[in-house]
Amino acid sequence: MTNEEWGLVRSKLQKSVGQNNYTNWIEPLEFADLKNGVATFLVPTNFLGNWVDRNFGDKILRHMLGEGLKVSRLEFSVPAKATHTPAAQVMNGAKVAPATVAKPDQDDLPGAPLYERFTFDNFVVGKPNELAHAAARRVAEGGPVTFNPLFLYGGVGLGKTHLMHAIAHEMIARNPELRIVYLSAEQFMYRFVQAIREKQMMDFKQLFRSVDVLMVDDVQFIAGKDSTQEEFFHTFNALVDQNKQIIISGDRAPGEIKDMEDRIKSRLQCGLVVDLHPTDYELRLGVLQNKVNSYREQYNGLVIADGVLEFLAHRISTNVRVLEGALMRLFAFASLVGREITLELAQDCLGDILRASDRKVTVEEIQRKVSEHYNIRLSDLIGPKRVRTIARPRQVAMYLAKHMTSRSLPEIGRRFGGRDHTTVMHGVKRIDELKGIDDQIAEDLELLRRALEA
């Protein structure tokens, strides 16, 4: 296969996989060789090669065969690279040599320490977080800055902070010379205010704009803070202009963060925005299975009966933190009273958690289920389109949000693109009327309710 033939295959792939996938995953491939039916490509990292092989391998093969090429399988190889010599260090709250950062008055770097347990090895991957994990691995393995910024968003305890720490750990392991700052948005704001008070703004700007990687957790906390947003915006631009990596997390998508300046929302949306969905049963069970062995060692081989982990995975769906906390409490309690961990013990010991964790459906979860059920895009469901094929599913989602969550009508309206509460009232009333006379609407509501309560 010649480079010209690969160029033809690439142009067809660009149409079939979409521009975003093509830019991020296909474009980095470099054709190397075609021998004995094996097409070899050079890739910047093993992770990229594995991801492409798993997700786009069949498409690549199909298009190559379509061009008349005799190929039966693909191989991806990382070219040998020179290794780095450990020199500098990570700016995560540790002490830094004065030569590393020109800030004579300040030994401590801004930020928070990285948790040792928050690594990729300890991150349980399932369907709800598969894309976020893949994107985080891609960024962590370095190479050309592709996703900038990488924006991770989702509710509490879904793994945003874990992934950010894991990225930092992986980057440090691969290149100790990288200068990485990890901190919360609140810490950024505190440092900014402190710099103004102590008349050290030049030092502040130099510090934050001289890093290789900036990681900001819970960015929604700077919303409404005009001066902090202004400085964050300029810091962001300065780092992007230098082709430095930025990784940010929030509790919702950039466009949905209230009181965030439009220009910052626009900047945050210019990279890859990834949603960490609420956990499903399989992922929760995987988390418990991942934890149980370490607890067994800690509590001298304490026995846990069959079915207990499955029971917890079914009943505690709030978030991973609550799930892990429940398992830890269960082991500690069983150890103290000298009993085997049975289903009965779990129900007695975790009564308050089980009651609090009885299925609580979120508006966002309803929106996703309704979008999937009617095969429409989530952005259209919460967007301004008023065509019937979008408007009716939107009303169904509003109806379910009203009856399955504790959110007020104004709160529901805000989650549907900032709509007024009267629009929600109208939608709820309309579905209430239709479900009595339209069998399809009634069936849709029942199917969606069951799926959400599962």
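Colleague: In which loop is Pro-149 found?

Modeller: This is a predicted model, in which local features need pLDDT of at least 70, side-chain atom pairs count only at pLDDT 80 or more, and totals for chains, interfaces and linings use all residues. Residues are numbered from 1 along each chain as its sequence is written, and side-chain values use heavy atoms, with hydrogens and water left out. Helices (H or I, at least four residues) and strands (E, at least two) are DSSP runs, numbered from the N terminus. In these terms, Pro-149 lies in the loop between α4 (130-140) and β4.

Colleague: What is the omega of the peptide bond that joins Asn-148 and Pro-149?

Modeller: Most peptide bonds are trans. The bond joining Asn-148 and Pro-149 is cis. Its omega is about 0°.

Colleague: What is the strand order of the open sheet?

Modeller: Strands of a sheet pair through backbone hydrogen bonds, either parallel or antiparallel. Here two strands pair if DSSP finds at least two bridges between them, and the pairing in this five-stranded sheet is parallel. Neighbouring strands are turned against each other by 10° on average, direction ignored. The order is β5-β6-β7-β4-β8.

Colleague: Why is one side of β5 and of β8 left without a neighbour in the sheet, and where do these strands stand?

Modeller: β5 (180-184) and β8 (272-275) each have a single partner strand, so one side of each has no neighbour in the sheet. Both strands therefore stand at the edges.

Colleague: Which residue of β7 stands opposite Leu-150?

Modeller: Strand β4 (residues 150-153) pairs with strand β7 (residues 245-250) in the parallel sense, over four bridges. Opposite Leu-150 in β7 stands Ile-247.

Colleague: Which strands does helix α6 touch where it packs on the sheet?

Modeller: Helix α6 covers residues 185-197, and its direction makes about 100° with that of β5. Angles run from 0 to 180 degrees between N-to-C directions, and axes are lines fitted to C-alpha atoms, for helices over the stretch in contact. Contact means heavy atoms within 4.5 Å. The strands touched by α6 are β5 and β6 (213-217).

Colleague: How many residues of the contact of α6 with α7 are charged?

Modeller: α6 and helix α7 (residues 201-208) pack at about 145°, with their axes 8 Å apart. From α6 come Phe-188, Arg-191, Phe-192, Ala-195 and Ile-196, and from α7 come Met-201, Phe-204 and Phe-208. Ala, Val, Leu, Ile, Met, Phe, Trp, Tyr, Cys and Pro count as nonpolar, Asp, Glu, Lys and Arg as charged, and the others, Gly among them, as polar. The contact thus divides into seven nonpolar, no polar and, among the charged, one.

Colleague: At what angle do α15 and α17 pack?

Modeller: Helix α15 (residues 363-374) supplies Val-363, Ile-366, Val-370 and Tyr-374, which meet Pro-393, Val-396, Ala-397, Leu-400, Ala-401 and Met-404 in α17. By class, this contact has ten nonpolar, no polar and no charged residues. The axes of α15 and helix α17 (residues 388-404) are 9 Å apart, and the angle is about 145°.

Colleague: Is Asn-375 buried or exposed?

Modeller: Asn-375 is found in the loop between α15 and α16 (378-381). Its phi is near 55°, a positive value in a residue other than glycine. Buried means under 20% relative accessible area, exposed over 50%, and partly exposed in between (1.4 Å probe, protein chains only). With a relative accessible area of 70%, Asn-375 is therefore exposed.

Colleague: What is the relative accessibility of Asp-218?

Modeller: Asp-218 has its place in the loop between β6 and α8 (226-241). Phi of Asp-218 is also positive, near 55°. Asp-218 counts as partly exposed because its relative accessibility is 24%.

Colleague: Which residue takes a positive phi in the hairpin of β1 and β2?

Modeller: Strand β1 (residues 30-35) and strand β2 (residues 38-42) run antiparallel and are joined by five bridges. Phe-31 has Phe-41 in β2 as its bridge partner. Two residues lie between the strands of this hairpin, and the positive phi, near 50°, belongs to Asn-36.

Colleague: What percentage of the 454 residues of the protein chain counts as buried?

Modeller: The chain comprises 20 helices and eight strands. Its C-alpha trace spans about 65 × 65 × 55 Å along the principal axes. Of its 454 residues, the part that counts as buried is 48%.
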